[in-house]
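Here's a quick tour of one protein chain, written for someone new to reading structures. Have a look at the sequence and the model first, then go through the points below.

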Amino acid sequence: MGRGARKRDDDSGTEVGEGTDEWTQSKATVRPPDQLDLTDAELKEEFTRILTANNPHAPQNIVRYSFKEGTYKPIGFVNQMAVHFSQVGNLIPKDSDEGRRQHYRDELAAGSLESVKAVLSDAEILEEDEEPKEVEMEAGSQTELPPAEVAETVIEEELMTPKQPKERKLTNQFNFSDRASQTLNHPVRDRECQMEPPPRTNFSATANQWEIYDAYVEELKKQEKTKEKEKTKTPVAKKTGKMAMRKLTSMESQSDDITKVSQAAKIVERMVNQNTYDDVAQDFKYYEDAADEYRDQEGTLLPLWKFQNDKAKRLAVTALCWNPKYNDLFAVGHGSYDFMKQSRGMLLLYSLKNPSFPEYIFSSESGIMCLDIHVDHPYLVAVGHYDGNVAIYNLKKPQAQPSFRSSPKSGKHTDPVWQVKWQKDDMDHNLNFFSVSSDGRIVSWTLVKSELVHTDVIKLKVEGSTTDVPEGLQLHTVGCGTAFDFHKEIDYMFLVGTEEGKIYKCSKSYSSQFLDTYDAHNMAVDAVTWNPYHTKVFMSCSSDWTVKIWDHTIKTPMFIYDLNSAVGDVAWAPYSSTVFAAVTTDGKVHVFDLAINKYEAICNQPVVARKKTKITHVEFNPIYPIIIVGDDRGHITCLKLSPNLRKMPKEKKGQEVQKGPAVEIAKLDKLLNLVREVKIKT
């Protein structure tokens with residue numbers, strides 16, 4: 001038995017010894033085949049790493065598409081927060097439903113404990129009072145539970161059966177009645193009393209130099225007295241007096257600023273002007289020439305206001321345009337048609353409410369030859385200069401310089417700009433307008449951000465004027481544009497008048513050829529304009545003394561009028577398709593109504609005082625029956641049309657007078673058909 005035990009001990013000792021040898025032996029390191037062999041210096045070298053709050057795994061190149069700029073743009077802010085640990089807690093807010101339930105249970109348990117303790121204390125008092133009964137109850141009390149255990153069992157039972165809260169009794173919502181009472185309203189009574197008017201007295205006095213001098217002397221005496229009183233004051237009083245004087249001086253300096261009373265001053269100025277020109281204002285509003293009833297289809301022009309400014313005294317009126325929103329406001333361009341005496345230019349805006357002084361004044365180094373006001377933005381005025389530049393003035397900005405202006409870098413014209421016209425916004429909702437110049441270019445100007453971008457629409461060339469050069473090239477004679485107008489319905493169509501007397505029908509889509517050519521006049525075309533009602537009719541005037549009315553589908557004119565003097569400008573009336581006005585260099589205004597007389601004007605009236613004065617431009621007001629004409633001396637005259645010059649269709653018994661564009665188109669079509677039939681017969 002001893003040998004077996006020793007054998008087992010030996011065996012076990014051998015096993016233990018083998019295990020201890022494995023732990024005590026040094027472990028051999030296994031090196032990967034691609035491990036670098038580093039020296040001791042390289043192994044001891046320290047590499048510092050800086051920990052930052054940025055997430056290394058957060059993307060840095062997230063981009064989003066910007067619809068405003070049309071490009072992809074990187075996002076500036078990337079969320080750098082990384083969540084390493086999150087755990088759902090077991091806390092319940094007090095305001096939640098479960099929190100309220102647990103709080104209610106705790107209150108019930110505390111209340112039950114207090115009630116049990118109160119019961120036990122009452123029982124002890126009864127036991128002390130009834131001592132004889134305790135002996136009798138000893139035998140039975142040995143089998144009953146002690147009071148502490150009884151309290152615990154009662155509490156457990158009450159906690160196991162939670163008490164339901166008492167439900168609040170609600171009123172019956174289907175059984176109610178409204179009670180109301182109405183009081184008697186007292187009748188309304190009017191009470192009036194009459195008193196004697198206060199006495200009135202008229203006081204008048206004249207102020208001469210002596211009275212003014214005496215008043216100043218009295219004021220100086222008062223100031224000296226106040227200074228003497230201030231000297232006798234205490235230092236505190238002096239300080240307060242100085243503060244008050246500073247406030248008064250600051251208030252006086254503020255009150256001296258004229259800009260604070262500019263609006264009131266403008267209103268007062270208009271009131272004074274209305275009183276001064278009261279008779280003219282009454283004629284403008286109410287006067288109608290009664291003598292028209294006795295005239296045989298003839299009318300007159302009544303002079304109203306005359307606008308002039310000393311700064312533009314020697315400058316000719318080169319452009320007129322009514323404001324499309326404010327019907328009493330019109331713009332005037334001043335320059336010079338004498339090309340040997342070119343100087344400065346001016347842009348003035350007058351109002352019928354204040355004929356004595358312009359509302360806005362802008363000056364320029366070069367003469368203004370044309371202008372146009374935007375229909376949707378009536379504060380933007382586009383102008384063309386004699387030096388070939390175009391500019392845009394913003395009436396909202398009080399600065400004297402234009403808000404936008406072309407330059408040689410931006411493609412300005414090389415010759416005078418004769419006309420500018422606003423057009424509809426482009427596809428990117430940028431404002432744009434067109435200009436025509438003597439250099440033969442028709443340019444579209446687009447307002448992009450803070451600069452003007454130009455696009456050449458068409459370059460005018462004189463037909464049949466090509467010359468062959470020995471080198472095999474062809475030279476074209478450039479046509480000089482003087483006037484143009486865009487069609488009222490067809491956006492791409494427009495007419496261009498030239499110095500050679502021809503009118504070209506062009507398209508915005510074709511820059512190399514014309515849609516049609518009209519041999520219109522023998523001299524330069526001064527104006528060309530479409531009829532505001534009839535889409536086929538346009539009118540032109542020239543320095544060859546003629547005014548011609550055209551149908552753009554026919555190459556010959558429908559009506560020709562010789563006015564015995566160079567015609568400076570023509571304009572259609574906004575109220576009729578057959579009424580137009582023309583002005584000549586002999587100082588006369590000619591008004592035509594084709595429906596009344598298609599052979600001659602129904603009004604020929606000189607409107608200038610001097611014989612040598614030339615009328616340059618005419619413009620109809622869009623609402624009121626008035627026109628404005630400008631001359632080469634810088635004066636603008638406002639004239640009222642008599643009733644015969646603005647006749648409307650007569651009312652027939654039992655029939656309503658038809659009005660509207662369709663009636664005006666039919667009226668002009670009737671005249672054109674008569675002319676077409678005569679031409680076909682001849």
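The chain has ten helices and 32 strands; both are DSSP runs numbered from the N terminus, where helices are H or I with at least four residues and strands are E with at least two. Keep in mind that this is a predicted model, so local features need pLDDT of at least 70 and side-chain atom pairs count only at pLDDT 80 or more, while totals for chains, interfaces and linings use all residues. Residues are numbered from 1 along each chain as its sequence is written, and side-chain values use heavy atoms, with hydrogens and water left out.

**The chain as a whole**

- Of the 682 residues in the chain, 34% are buried; buried means under 20% relative accessible area, exposed means over 50%, and partly exposed is in between (1.4 Å probe, protein chains only).
- About 49000 Å² of the chain is exposed, and carbon and sulfur atoms supply 53% of that; these areas come from the Shrake-Rupley method with a 1.4 Å probe, and for residues only the protein chains shown count as cover.
- Take the contacts between residues at least 6 apart in sequence: 47% of them join residues at least 24 apart. Contact here means heavy atoms within 4.5 Å.

**A four-stranded sheet**

- Strands of a sheet pair through backbone hydrogen bonds, either parallel or antiparallel.
- One open sheet here has four strands in the order β12-β13-β14-β15, with antiparallel pairing; two strands pair if DSSP finds at least two bridges between them.
- Why is one side of β12 and of β15 left without a neighbour in the sheet? β12 (417-423) and β15 (451-459) stand at the edges and each has a single partner strand, so one side of each has no neighbour there.
- From one strand to the next, the twist averages 25°; axes are lines fitted to C-alpha atoms (for helices, over the stretch in contact), and angles run from 0 to 180 degrees between N-to-C directions.
- β12 pairs with β13 (residues 432-437) in the antiparallel sense over six bridges, and Gln 423 stands opposite Asn 432 in β13.
- The loop between β12 and β13 holds His 429. This residue isn't a glycine, yet its phi is positive, about 60°. His 429 counts as exposed, at 67% relative accessibility.

**Two buried residues**

- Leu 349 sits in strand β6 (residues 345-351) and is buried, with a relative accessible area of 0%.
- Which residues does Leu 349 touch, not counting those up to four places away in sequence? They are Leu 329, Phe 330, Ala 331, Pro 358, Glu 359, Tyr 360, Phe 362 and Leu 395. Leu 349 and Leu 395 are 46 residues apart in sequence and 9.7 Å apart in space, C-alpha to C-alpha.
- Ser 364 belongs to strand β7 (residues 360-364) and is also buried, with a relative accessible area of 11%.
- The Ser 364 side chain reaches the backbone oxygen of Ser 366 at 2.6 Å. Setting aside neighbours within four places in sequence, Ser 364 is in contact with Arg 344, Gly 345, Met 346, His 385 and Tyr 393.

**An annotated stretch**

- UniProt's unreviewed entry carries the annotation "repeat: WD" for residues 518-551; such annotations may be inferred rather than shown by experiment, feature names are shortened, and positions use the numbering used here.
- Over residues 518-551 the chain is 0% helix and 59% strand, and the end C-alpha atoms are 11 Å apart.
- Trp 545 lies in the loop between β23 (537-542) and β24 (546-551). Its phi is near 80°, a positive value in a residue other than glycine, and Trp 545 is partly exposed at 42% relative accessible area.

Notes. A polar contact is a pair of N or O atoms within 3.5 Å; within protein, one must be able to donate a hydrogen and the other to accept it, and residues adjacent in sequence count only if both atoms are side-chain atoms.
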